[in-house]
Amino acid sequence: MSIFREEIDSMKKKQLFFGLFAAAAALTLASCGGDSETTTTPEATPTPTQTPEQTPTPTPTQTPEETPTETPTPTPSDTVVDPTPTPTPTPTEPVTPTPTPTPSEPVVLDVYETITAAYDQAGTISGGTVVNNYDMTTNTYAFGDNYFTYSNENYSYHYSIDSNGAPFAVQVDSYSTNEVYEYSELNVLGYELSAFSYGEKYYGPEDLALGLYEYLLDNEIEITESIVESTNEGEKYVINFAYETVYTNEYGSSYLYQTSVDIIIGESDYIKSLTIAAKYYAPEYDSESDSFVPTWTENEDGSYTVNEGVDQYTAADCVFTQEVGERTAVNNYKAEDLCFTSFDLQDQDGNIVTADTEYTIGAGYDNRLVFNLVNAVPTTASADIDQLQCTYTNELGEESGLYFGSWSGYSLQGQEAGTYDVTISSQAYSITFKVVVEMPAPTEIWFTQYQKGDWGYSEVQVTETELNVYVNSPIYLSAGIPDNTIEGFTLALEEATDNATITSALLDGYYECYEFKATAVGTYKLVLTSTADTNVTNTLTINVVEAPNCAEILNGKYTYNFYGTVYNFEFTPASEGAANGTVVLTGAVEKTLNYAYDATTNTITTTNTDGSVSDVTLGFDSNFNITASLVNAYGNTMNMTLAKWTLASMLSGQYISDISDANGWPYQLNFNGDGTGYGAIGYGYPDFEYEVTDNGDGSYTITFVVSAMYESFLVDNTATLNADGTITCTIIDGETQAAAVFTA
């Protein structure tokens, strides 16, 4: 990278944007991005304009062949924060030299030197206009004393310096009040011209012209260029440079860019106008190779020929015109007028907050503190511009436990108990006070049960007053309390007994709870009590019943339907009433196993037919549902709770009707196997939930619940699942009703 480029980058990092037109025109460049956001390209291969972070800017390594004998000196700034570029060092590393000078060499140097001289005159620009030919919008800009403004018919932006010497920005629009933005977020101050250097930001026509030209030289991209003396009054030179280049993104897809820049240099060496036009051609998808291929060919001379009929997209198409002169724009949005030098906070009781103020509140939204900003100095200060910020720490110095909001005034809500030092501040003024947050005792308490599913345990609130449990089958319980109340509870039996135990447990390495298990049939009462208020209790009755005969359960056909992928298990006892036998797996996994149930340990052992240990695990959950664990065809472990096989349990997948809509498309019912699905009919794809009830004659009634987004698409929202596996129903399509038979 040349020293000249380093100086440019240094100025950008310091955010000194007033001297260069750079800041001004960056706004205009932001408006000439063309298709950078609106053009649709294949998803797999986003254009460089979509994700600049994915396309780091190449580091310039080459500079023009010959170097000027003198370095242009910068134009002195007439304001404190109105810097112009530092003296421009000459390019230091030549592009591939030619043994014999050619007539074009002086032209290359003339173009470079002329653009460099124009860059040095950026501080003389008083204002200008940029027209975006792509969307036919016009933007104007102007400079004043430590001030820059940019505007169009919908927005105006005003940039100045605050009391700390930092950039201060105000946006005024026709839709809302003034808003302030951090400098780093102001994309109008710079534009990532991905069509030119793939992620580099340029600030204004001077920076664009010089930065782009140096980028082309440094990366040895062939430039077509010319410079001629102008015959028009007030003009000195007319410059044109253009190039073609192919950019390949990280996905391997290439884009051809064709760019042309036309510059008119005024008598005092400034850029009087700059016209930039950039087009690009995207690749096309090739189904045979399943890849995106170029839509152009490269010629022997290095030029490109675009295939006939290929779409051309706009990356940039805009014209800058600007003038030199005194910078007279008037700043009506000065930081000293819009930012607070002092203010008071008034609480909901009308008291003014001071350093000695201490508030005590309970946790939760209902106990929040509300403040209003009063006695602002100056009176023109705006909280929209100088937004109040809140910082706070607890006794441990941690920044957590409170929530600060600015809806209907300013409010503080406690989330964790503690004493907090709270500071509410503007850019130049702050107020500090204390807030003590106390957690109130809960007013109610409830039981929470942890139930095991296919993917581990889940927490469910117990809404019943009684639960039925099998002998020696544990259930796992905890307490639930309202948010923002003191935690803590006790769980105990109402009457002591040797037949039931309550012990602590940890489920899935995460859920801390208690295990209740009874060794004898009976009725047991569990009592939850809040430790914060012992008057807050809840009682749950546990009815313990005899465990079922597992030999009877391990008999017949069971199934598990995972979104249309079905696993079937058919148990055949070795003899009538036996707790051992064979189980045949069909569907997604096919194999035959031996099984044996041990009533003492309540476990099921599975072995392969050759006697080796099986990789399929069987067992019972606390409700004596059969559980299974196995590795599927994709190498993933599937944990499942089996259901008794019925025709309804096989309801999954796509069912096609025997009739079609007016366009010839058959109707569809698509079942996910988990109680959800969607229909495909003439006017949309309504989602539904469904329930299945047994009619007792081999058929089932399917009841649909259609989402509110669509009308009902079935008469009476029901269908019949017949014994032969077909579904019959009546469809509503517009005003037409038609009987349909759906087949899987």
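## Exercises on a predicted model

Cys 513 is buried in this predicted model, its relative accessible area being 4%.

**Exercise 1.** Decide whether Cys 339 is buried or exposed, and state how many disulfides the structure holds.

*Solution.* The cut-off for a buried residue is a relative accessible area under 20%. Cys 339 has 10% relative accessibility and therefore counts as buried. The count of disulfides in the structure is 0.

**Exercise 2.** Describe the largest nonpolar core, and find which helix gives the largest share of this core.

*Solution.* Begin with the extent of the core, which has 38 residues, and note that Ile 115, Phe 241, Ile 263 and Leu 274 have the most contacts inside it. Helix α5, spanning residues 204–218, gives the largest share of this core, namely 8 residues. Next take Ile 263 and set aside its neighbours within four places in sequence; its contacts then include Ile 115, Ala 209, Tyr 237, Phe 241 and Leu 274. Finally, another core of 25 residues lies apart from the largest one, and among its members are Val 589, Tyr 595, Phe 620 and Met 638.

**Exercise 3.** Characterise the second largest pocket by its volume, its lining and the strand that gives the most to that lining.

*Solution.* The second largest pocket holds about 750 Å³ of space. It is lined by 34 residues, of which Lys 452, Tyr 457, Phe 620, Asp 621 and Ser 622 are the closest to its centre. Sorting the lining by residue class gives 14 nonpolar, 17 polar and 3 charged residues. Strands that each supply at least two lining residues include β27 (456–461), β40 (617–620) and β42 (637–641), while β26 gives the most, with 5 residues.

Note on methods
Residues numbered from 1 in each chain as written. Predicted model: local features only at pLDDT ≥ 70, side-chain atom pairs only at ≥ 80, totals over all residues. Heavy atoms only, no water. 1 Å grid on protein atoms, 1.4 Å probe; cavity = no way out; pocket = protein on both sides within 12 Å on 5 of 7 lines; lining within 4 Å. Points joined across faces, edges and corners; volume = space filled by probe spheres on them. Helix = DSSP H or I, 4+ residues; strand = E, 2+ residues; numbered from the N terminus. Nonpolar A, V, L, I, M, F, W, Y, C, P; charged D, E, K, R; others polar. Core = buried A, V, L, I, M, F, W, Y, C linked by side-chain atoms within 4.5 Å. Buried < 20%, exposed > 50% of the residue type's maximum accessible area, 1.4 Å probe, protein only. Contact = heavy atoms within 4.5 Å. Disulfide = S-S within 2.5 Å.
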